[in-house]
Amino acid sequence: MKLIGRYEEKTLLEDFFKSDGPEFLAIYGRRRIGKTFLIKQTFAEKDCFFFNVTGIQGGSKETQINLFTKEIGKVFYQGAEIKERDNWIETFDALSGAIDKLIPKNKKAVLFFDEFPWMATHRSGLLQALEHRWNHAWSNDNRIKLIICGSSASWIINKIINNKGGLHNRITRQIHLMPFNLQDTAEYLAHLKINLNHKQTAELYMSTGGVPYYLFQAEKNQSAAQIIDKLVFQQNSLLFNEFDKLFSSLFENSENHIELLRIIAKSHSGIGQEEIIGKSKDISRGGRTVDRLKELEDAGFIISFMPHLHKKRGKYYRLIDEYTLFYLDWIEPVKNTLQKKSLKSGYWQEKHNTPVWYNWAGYAFESICFKHINQIRKKLNINPSAIVNGWRYVPTAKSKETGAQVDLLFDREDDSITICEIKYTTEPFAITKDYAENIKNKIKVFKEKTRTKKQIFFVMISSSGLKETIHSEELVQGVVTLEDLFN
């Protein structure tokens, strides 16, 4: 299987391997995202010793050490059994002994510890053993290229990258492996001989996100709706059963994280941190809820913003993970039925052409846009230094004022602000007289409430482009289409 995309990561890994000194890399990313595939594909053909061991979820300390020891025998001693050690200090002694005995000084040793958080069972001493081995041996050995990998972003970040103990500042490089963007998704599907146009690819993306393993399940000669029917709405289908497995693999007490996602998902325009805390059932409330929100953001499920020019109001959050959004809105409502039987053939093909779906697709398309900010910048020729944000004004209950919301804005350093309106339609969007008045009022409220003196530019991000009207000519200074997001 060819390695698609991952251009920055491949460059980093090449530099990691070619360096003359010891290296310590942390890589994390959600389940099914391709972390293991990336590492194995990168180093499979390298002239090096490649040692790979994978932790077992729920496995005991004894089980983890047993597997680790067997892998030492397999890689270094032609599969011969070696004596199992009682603890991780002795196990790492065995690995170091094999390296010193069998690897020449001019040969590199790539040590890939996959799903490391699962290896680090309660009171196992693994983290302390790793600290000791790195600080007293491997950090002085130019052959060593150590890779710690895990699906749990919060564990890798807190225990490895931001370690406060013996591993403090020991990481030399890190990778947060994210889902494919639209362009990589299209390239991957083409590699699988699945020929979908950009509109169909985007519709598939709205249900799977850019998770390679989900996309790999797609079948040839089918529309996006047909693929989703099989992936989702059949009894025991992959994406029906995936949700609970995904979150249990990422977080302890994952039901608390799922509860927060449910709260955020109900507010399509975003929801404030204090409001989330108030709605959460978690008895610990404040502090722990904030920690969990950070964990969800680190894992790529949500995005946070400080309200534009209103930092005192605190953060607000949006759900940007396509699969989670799809699961909560479309799969969970039919969960009880799917546990008993498949839905009728063509179920999704019927649903996905309804007004309810088009309304939902607009929200899903907004989430896609937030993941393709760089492509939007490029089309609009906006400098990377511009601050990306959203904005909304909600009047008090008794006020006669009009509220307003800005889907996306770029606060630029050239004394300008670009305000973006996001629309998902099958035909070029036409700005009517009433819609134009709504936009003018939105800009007016934005200027009044932010007290900005900057030049305002208005841009339409419309999946199918913009139909020229007298109103579009008056209002719109730029257009971004779905095709632009594939660049």
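**Questions on a predicted model**

Me: Leaving aside its neighbours within four places in sequence, with which residues is Phe243 in contact?
Reply: In this predicted model, Phe243 has its place in helix α12, which covers residues 238-250. Once its neighbours within four places in sequence are left aside, the residues in contact with Phe243 are Ile258, Tyr323, Thr324, Tyr327 and Leu328.

Me: Is Phe243 buried or exposed?
Reply: The relative accessible area of Phe243 is 2%, and a residue counts as buried when this value is under 20%. Because 2% is under that cut-off, Phe243 is buried.

Me: How far apart in space are Phe243 and Lys108, C-alpha to C-alpha?
Reply: Along the sequence, Phe243 and Lys108 are 135 residues apart. In space, taken from C-alpha to C-alpha, the distance between Phe243 and Lys108 is 39 Å.

Me: Which residue stands opposite Lys108 in β3?
Reply: Strand β3, made of residues 108-114, pairs with β2 in the parallel sense over seven bridges. Strands of a sheet pair through backbone hydrogen bonds, and they do so in either a parallel or an antiparallel way. The residue that stands opposite Lys108 is Cys48.

Me: In which order do the five strands form an open sheet?
Reply: The pairing in this open sheet is parallel, and the edge strands, each pairing on one side only, are β2 (48-54) and β5 (173-176). Neighbouring strands of the sheet are turned by 15 degrees against each other on average, with direction ignored. Read across the sheet, the order is β2-β3-β4-β1-β5.

Me: Which strands does helix α4 touch where it packs on the sheet?
Reply: Helix α3 (residues 61-76) packs on the sheet and touches β2 and β3, its direction making about 155 degrees with that of β2. Helix α4 (residues 88-102) also packs on the sheet, and its direction makes about 155 degrees with that of β3. The strands that helix α4 touches are β2, β3 and β4.

Me: Which strand gives the most to the lining of the largest cavity?
Reply: A search of the whole structure finds one cavity of 30 Å³ or more, and about 50 Å³ of space lies in the largest cavity. Its lining includes Ser269, Phe305 and Trp391, and the lining residues divide into five nonpolar, three polar and two charged. At least two lining residues come from each of β8 (316-319), β9 (387-393) and β10 (404-411). With three residues, the strand that gives the most is β10.

Note on methods:
Residues numbered from 1 in each chain as written. Predicted model: local features only at pLDDT ≥ 70, side-chain atom pairs only at ≥ 80, totals over all residues. Heavy atoms only, no water. Pairing = 2+ DSSP bridges. Helix = DSSP H or I, 4+ residues; strand = E, 2+ residues; numbered from the N terminus. Axes fitted to C-alpha atoms, helices over the stretch in contact; angles between N-to-C directions. Contact = heavy atoms within 4.5 Å. 1 Å grid on protein atoms, 1.4 Å probe; cavity = no way out; pocket = protein on both sides within 12 Å on 5 of 7 lines; lining within 4 Å. Points joined across faces, edges and corners; volume = space filled by probe spheres on them. Nonpolar A, V, L, I, M, F, W, Y, C, P; charged D, E, K, R; others polar. Buried < 20%, exposed > 50% of the residue type's maximum accessible area, 1.4 Å probe, protein only.
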